[in-house]
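Colleague: Could you take me through this model and tell me the reasons behind the labels you use? I would like to see how each one is reached.

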Amino acid sequence: MSGRPVPVPGAVPAARAGAWERPRITELRLSAFAGHRRAGFPLGPLTLFAGPSGSGKSTALQAYEALARLGGGAELAEAFPDPVACVPERARPDAQRRRGFRIGCTADGAEGPVRLDVAVQAEPELRIVGERLTAGGLVLLETALRDPGRRTVQAAWHTAGSAPVTRAPLPDDRLGTPLLPLRVAGKTDGQRQVLAAAEQMVVALRSVFACDPRPDGMRAAVPLGSGRLLSGCDNLADVLWRTRAECGRRHAQLVASVRAGCAGPVADLLAEPLGDGTVRAVLDRGDGIRTALGRLGDGELRYVALALVLLTGPSVLDVDPPGEVPAALRSLTVLADGLDRALDPRQRAELLRLAEWTCGAGHIRLLGTVGDASWAAGAEGVTVVHLTP
């Protein structure tokens with residue numbers, strides 16, 4: 001381990017051999033979560049979960065979003081607002097009436113594959129009962145609930161110094177991995193390895209934008225606000241008011257995408273003020289006619305919103321990016337449940353083409369669900385995960 005830089009809280013480890021690698025989640029594991037058991041799903045830059053209703057597509061996205069929240073330091077109750085629904089239906093309680101679920105993921109990057117696995121107790125009270133962070137077969141962090149009467153878990157992390165591990169209590173309502181930079185000194189090679197692996201996992205999990213455009217909300221004029229796009233894209237007009245002037249190149253790409261997916265001529269997409277502190281989004285038809293987005297169909301509105309998401313970044317979307325991480329190492333993950341909902345074949349093809357381009361550049365990763373992925377079969381860079389009930 002000689003030559004490894006000493007990480008500090010919030011820092012990102014330099015890649016081996018001098019190359020920088022963007023941390024990313026490459027596998028989602030649902031060992032026992034809702035309708036999934038012993039399931040592991042590979043995740044690429046552009047991944048589609050495909051299957052009929054009831055196959056667990058939305059559940060997989062729910063698990064990913066929960067892990068992202070925990071990686072950002074959220075409490076369990078925030079990540080799992082309905083924890084009992086996450087417990088497998090046929091799971092039997094133990095002698096203490098406890099039931100729970102288990103999820104995990106793998107983050108790849110400069111430190112190689114790093115695995116995180118978490119066991120959560122949902123009944124009779126919500127708490128973490130076990131967590132394990134491993135890399136190369138070495139356990140870097142392990143926690144366990146030793147005393148149910150205390151609101152802590154006993155944690156042990158790799159030290160490789162005068163003592164092989166360091167032991168200390170950690171709270172049972174938060175993930176231990178993002179807390180390690182505050183607890184580990186980084187004085188030994190073992191401690192530095194723990195910090196580097198933990199930071200890779202946290203950076204890979206952070207910056208998730210769960211997107212589900214709601215056409216009804218997008219049709220109305222909205223007040224000028226922060227200019228950050230919300231999950232339902234209701235404030236799309238406010239975002240356009242900001243982004244159209246910020247980056248002409250990206251806006252031109254957005255207009256080209258809208259032109260390819262919407263009916264009729266499109267010369268521009270913009271927001272116009274209404275004089276009462278609100279703005280509405282309109283399509284400039286190029287002949288003096290402006291069409292309010294409220295006149296568009298549901299499919300067109302969803303298509304416009306998803307194209308905007310793919311062509312923007314964390315500074316425009318309502319996410320919490322790791323500000324201490326260089327932009328070159330950040331990766332935004334977009335979660336889109338029902339990605340193809342209300343889209344016609346042309347819009348699906350154009351959105352797929354746009355997603356291939358943006359995800360291929362490495363700045364955005366897209367994880368979506370679709371009922372049938374045959375329209376994406378053979379597309380370059382697309383990982384399709386087929387699920388069955």
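The talk below goes through cysteines, sheets, a helix pair and one residue.

Modeller: Happy to. Please keep in mind that this is a predicted model.

Colleague: Understood. How do you know that Cys-233 is in no disulfide?

Modeller: The nearest cysteine sulfur, that of Cys-211, is 3.9 Å away. A disulfide needs two cysteine sulfur atoms within 2.5 Å, so the pair does not count as one. Searching the whole structure gives zero disulfides.

Colleague: And what keeps Cys-86 out of a disulfide?

Modeller: Its nearest cysteine sulfur belongs to Cys-105 and is 16 Å away, against a cut-off of 2.5 Å.

Colleague: Why are Cys-86 and Cys-233 called buried?

Modeller: The word applies under 20% relative accessible area. Cys-86 has 1% and Cys-233 has 0%, so both are buried.

Colleague: Let's turn to the sheets. Why are S2 and S9 said to stand at the edges?

Modeller: Their sheet is open, has eight strands and follows the order S2-S1-S4-S5-S6-S7-S8-S9, with antiparallel pairing. S2 (36-42) and S9 (165-171) each have a single partner strand, so one side of each has no neighbour in the sheet. On average, neighbouring strands here are turned by 15 degrees against each other, direction ignored.

Colleague: What makes S4 and S5 a pair?

Modeller: Pairing takes at least two bridges, and S4 (residues 99-108) is joined to S5 (residues 114-123) by nine, running antiparallel. Within this pair, Phe-101 stands opposite Val-120 in S5. Two helices pack on the sheet as well. H1 (residues 57-71) touches S1 (24-33), S2 and S4, and its direction makes about 115 degrees with that of S1. H4 (residues 189-205) touches several strands, including S4, S5 and S9, and makes about 100 degrees with the direction of S4.

Colleague: Which strands stand at the edges of the five-stranded sheet?

Modeller: That open sheet has the order S10-S15-S16-S3-S17, with parallel pairing. S10 (208-211) and S17 (382-386) are the edge strands, because each has a single partner strand and one side left without a neighbour.

Colleague: How do you know that S3 and S17 pair?

Modeller: Five bridges link S3 (residues 46-50) with S17 in the parallel sense, and at least two are needed. Leu-46, for instance, has Val-382 in S17 as its bridge partner. H1 packs on this sheet too, touching S3, S10, S15 (332-336) and S16 (364-370).

Colleague: Why are H7 and H8 called roughly antiparallel?

Modeller: H7 (residues 248-261) and H8 (residues 298-310) pack at about 155 degrees, with their axes 10 Å apart. Angles over 145 degrees count as roughly antiparallel, so the label fits H7 and H8. Their crossing is right-handed. The contact includes Leu-254 and Val-258 of H7, along with Tyr-303 and Ala-307 of H8.

Colleague: One last residue: is Ala-155 buried or exposed?

Modeller: Ala-155 is found in S8. With 1% relative accessible area against the limit of 20%, Ala-155 is buried.

Colleague: Which residues is Ala-155 in contact with?

Modeller: Leaving aside neighbours within four places in sequence, the contacts are Leu-141, Glu-142, Thr-143, Thr-166, Arg-167, Ala-168 and Leu-170. As for Gly-176, 21 residues apart along the chain, its C-alpha atom is separated from that of Ala-155 by 8.2 Å.

Key
Residues are numbered from 1 along each chain as its sequence is written. This is a predicted model: local features need pLDDT of at least 70, side-chain atom pairs count only at pLDDT 80 or more; totals for chains, interfaces and linings use all residues. Side-chain values use heavy atoms; hydrogens and water are left out. Buried means under 20% relative accessible area, exposed over 50%, partly exposed in between (1.4 Å probe, protein chains only). Helices (H or I, at least four residues) and strands (E, at least two) are DSSP runs, numbered from the N terminus. Axes are lines fitted to C-alpha atoms, for helices over the stretch in contact, and angles run from 0 to 180 degrees between N-to-C directions. Contact means heavy atoms within 4.5 Å. Angles under 35 degrees count as roughly parallel, over 145 as roughly antiparallel, 65 to 115 as roughly perpendicular and the rest as oblique. A crossing is left-handed if the near helix is turned anticlockwise from the far one by less than a right angle, and right-handed if clockwise.
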